[in-house]
Amino acid sequence: MTHRITRRAFLLLAAGLATGLAVGLPSAPALAQEKVVRIGYQKYGTLILLKNKGLLEEKLKGLGYGVKWAEFPAGPQLLEALNAGAIDFGNTGEAPPVFAQAAGAPLVYVGYEPAAPQGEAILVPKGSPLKSVADLKGRTVALNKGSNVHFLLVKALEKAGVAYSDIKTVFLTPADARAAFERGSVDAWAIWDPFQAAAEKTIEARQLADGTGIVSNYQFYFSTKAFVDQAPQVVDAILAGVAEIGAWVKANPKAAAETFSPLIGIPVPILEVALARQQYDVKPLTPQVAGEQQKVADAFFALGLIPKPIRIADALRAPKS
């Protein structure tokens, strides 16, 4: 538990130190605060459930660590915080770490969740005349820049024979993109669950394509090189907590949806659909998954979306000895 020192106690302590008198306060070591791991999470996913259930705090207590949680609207913003040294751990989809690594972020991949290609899609309004991804040529698509759906859009266009330069992109957060989509300010919206499931259910948005046969849509877990080196046991404890929550979600999907619902303001039936499209688990990165992530990086460099080529292998956690 973190010790809190009142202003009065602080003044007494200062006075005691100045005069050499014992003031009956705890000794300096007892006043020292516990170490803290700062975890970034998004409004949906395993980490918010881990936070909500309070499991991690118990796991880390024995290691002398507390937990500080910070919410972010999407993966790019979370990794900006990691790059700035504001958090020590977090998770995002495929694309954000590519942009972050290209920007020099000291991120380290420490785990991943299995593929969930149905958990993201390119949507159009119910009455849209667009019937396929090929119809997006010359149209405007809203998306969160550098998010997992950015890669979905790139690869879906490629598969349909449409150049990325032949569409117009508008970079918006999920909430702003939904508003623009409903106003008709954009022709399509590339988005992930649960926002995807909510749009499909509440405004009858229609899929042009999800990730099936196009992208894997992995979720990755990250720390910084400094934190992995400093506290590998804490990283392992967080991953163990993630695995525990993942097993609970798979065994109790309705209960998980009921837990999520008040946290993110989305009805339970919609969340049940979204949860069914994910695979909650966490595994060490394999060469195959790292290779797929390298393809994301290479595609973004070829399009000029990142300023330099990067090697995913340079950002992988070193094998345990």
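Two residues are taken to be in contact when heavy atoms of the two lie within 4.5 Å. With that in hand, the packing around helix 12 of this predicted model can be followed piece by piece. The buried residues of helix 12 pack against three other helices, namely helix 3 (46-53), helix 11 (232-251) and helix 13 (268-276).

A general view of the fold helps to place these elements. The protein comprises 14 helices and 10 strands, and buried residues account for 49% of its 321 residues. Contacts reach far along the chain: of those between residues at least 6 apart in sequence, 78% join residues at least 24 apart.

Helix 12 itself covers residues 253-264, and its 12 residues should span 16 Å at 1.5 Å a residue; the end C-alpha atoms are 16 Å apart, so expectation and model agree. Its buried residues are Ala256, Ala257, Thr259, Phe260, Ser261 and Ile264. An α-helix has 3.6 residues a turn, so residues three or four places apart point the same way. Just after helix 12 comes glycine 265, with a positive phi of about 70°.

The partner helix 11 gives a similar check on length. Its 20 residues should span 28 Å at 1.5 Å a residue, and the end C-alpha atoms are 29 Å apart, which agrees. The buried residues of helix 11 are Val234, Val235, Ala237, Ile238, Leu239, Gly241, Val242, Ile245, Gly246 and Val249.

How do helix 3 and helix 12 meet, and at what angle do their axes cross? The two axes come within 11 Å and cross at roughly 95°. Since angles of 65 to 115 degrees count as roughly perpendicular, helix 3 is roughly perpendicular to helix 12. On the helix 3 side the contact involves Ile48, Leu49 and Asn52, which meet Thr259, Phe260 and Leu263 of helix 12. By residue type, this contact of helix 3 with helix 12 holds 4 nonpolar and 2 polar residues, and no charged ones.

Threonine 259, found in helix 12, offers a closer look at this packing. With a relative accessible area of 18%, threonine 259 is buried, because the cut-off for that class is under 20%. Leaving aside residues up to four places away in sequence, threonine 259 touches Leu49, Asn52 and Trp248. Threonine 259 and asparagine 52 are 207 residues apart in sequence, yet their C-alpha atoms are 8.4 Å apart in space.

Attention now turns to the nonpolar interior. The largest nonpolar core has 62 residues, and the members that touch the most others are Ile122, Leu136, Leu153 and Phe300. Helix 7 (residues 148-160) supplies the largest share of this core, 7 residues. A second, separate core of 42 residues includes Leu47, Leu50, Leu60 and Leu275. As for isoleucine 122, its contacts beyond four places in sequence include Leu136, Leu152, Leu153 and Ala156, as well as Ala188, Trp189 and Ala190. Arg206, Gln207, Leu208 and Ala209 are also touched by isoleucine 122.

Glutamine 118 sits in the loop between strand 4 (107-113) and strand 5 (120-124). Is this residue buried, exposed or in between? At a relative accessible area of 42%, glutamine 118 is partly exposed. Beyond four places in sequence, glutamine 118 touches Asp193, Gln196, Asp210, Thr212 and Arg277. One of these partners, glutamine 196, is 78 residues away along the chain, and the two C-alpha atoms are separated by 9.9 Å.

Aspartate 193, another contact of glutamine 118, also takes part in a notable backbone feature. A cis peptide bond joins aspartate 193 to proline 194, with omega at about 5°. Proline 194 belongs to the loop between strand 8 (188-192) and helix 9 (195-202).

Two residues other than glycine with positive phi complete the picture. Glutamate 204 has a phi of about 55° and is placed in the loop between helix 9 and strand 9 (206-210). Its relative accessible area of 46% makes glutamate 204 partly exposed. For asparagine 217, phi is near 60°, and the residue lies in the loop between strand 9 and strand 10 (219-224). Asparagine 217 counts as buried, at 3% relative accessibility.

Note on methods: Residues are numbered from 1 along each chain as its sequence is written. This is a predicted model: local features need pLDDT of at least 70, side-chain atom pairs count only at pLDDT 80 or more; totals for chains, interfaces and linings use all residues. Side-chain values use heavy atoms; hydrogens and water are left out. Helices (H or I, at least four residues) and strands (E, at least two) are DSSP runs, numbered from the N terminus. The expected span of a helix is 1.5 Å times one less than its number of residues. Buried means under 20% relative accessible area, exposed over 50%, partly exposed in between (1.4 Å probe, protein chains only). Axes are lines fitted to C-alpha atoms, for helices over the stretch in contact, and angles run from 0 to 180 degrees between N-to-C directions. Angles under 35 degrees count as roughly parallel, over 145 as roughly antiparallel, 65 to 115 as roughly perpendicular and the rest as oblique. Ala, Val, Leu, Ile, Met, Phe, Trp, Tyr, Cys and Pro count as nonpolar, Asp, Glu, Lys and Arg as charged, and the others, Gly among them, as polar. A nonpolar core is a set of buried Ala, Val, Leu, Ile, Met, Phe, Trp, Tyr and Cys residues joined through side-chain atoms within 4.5 Å.
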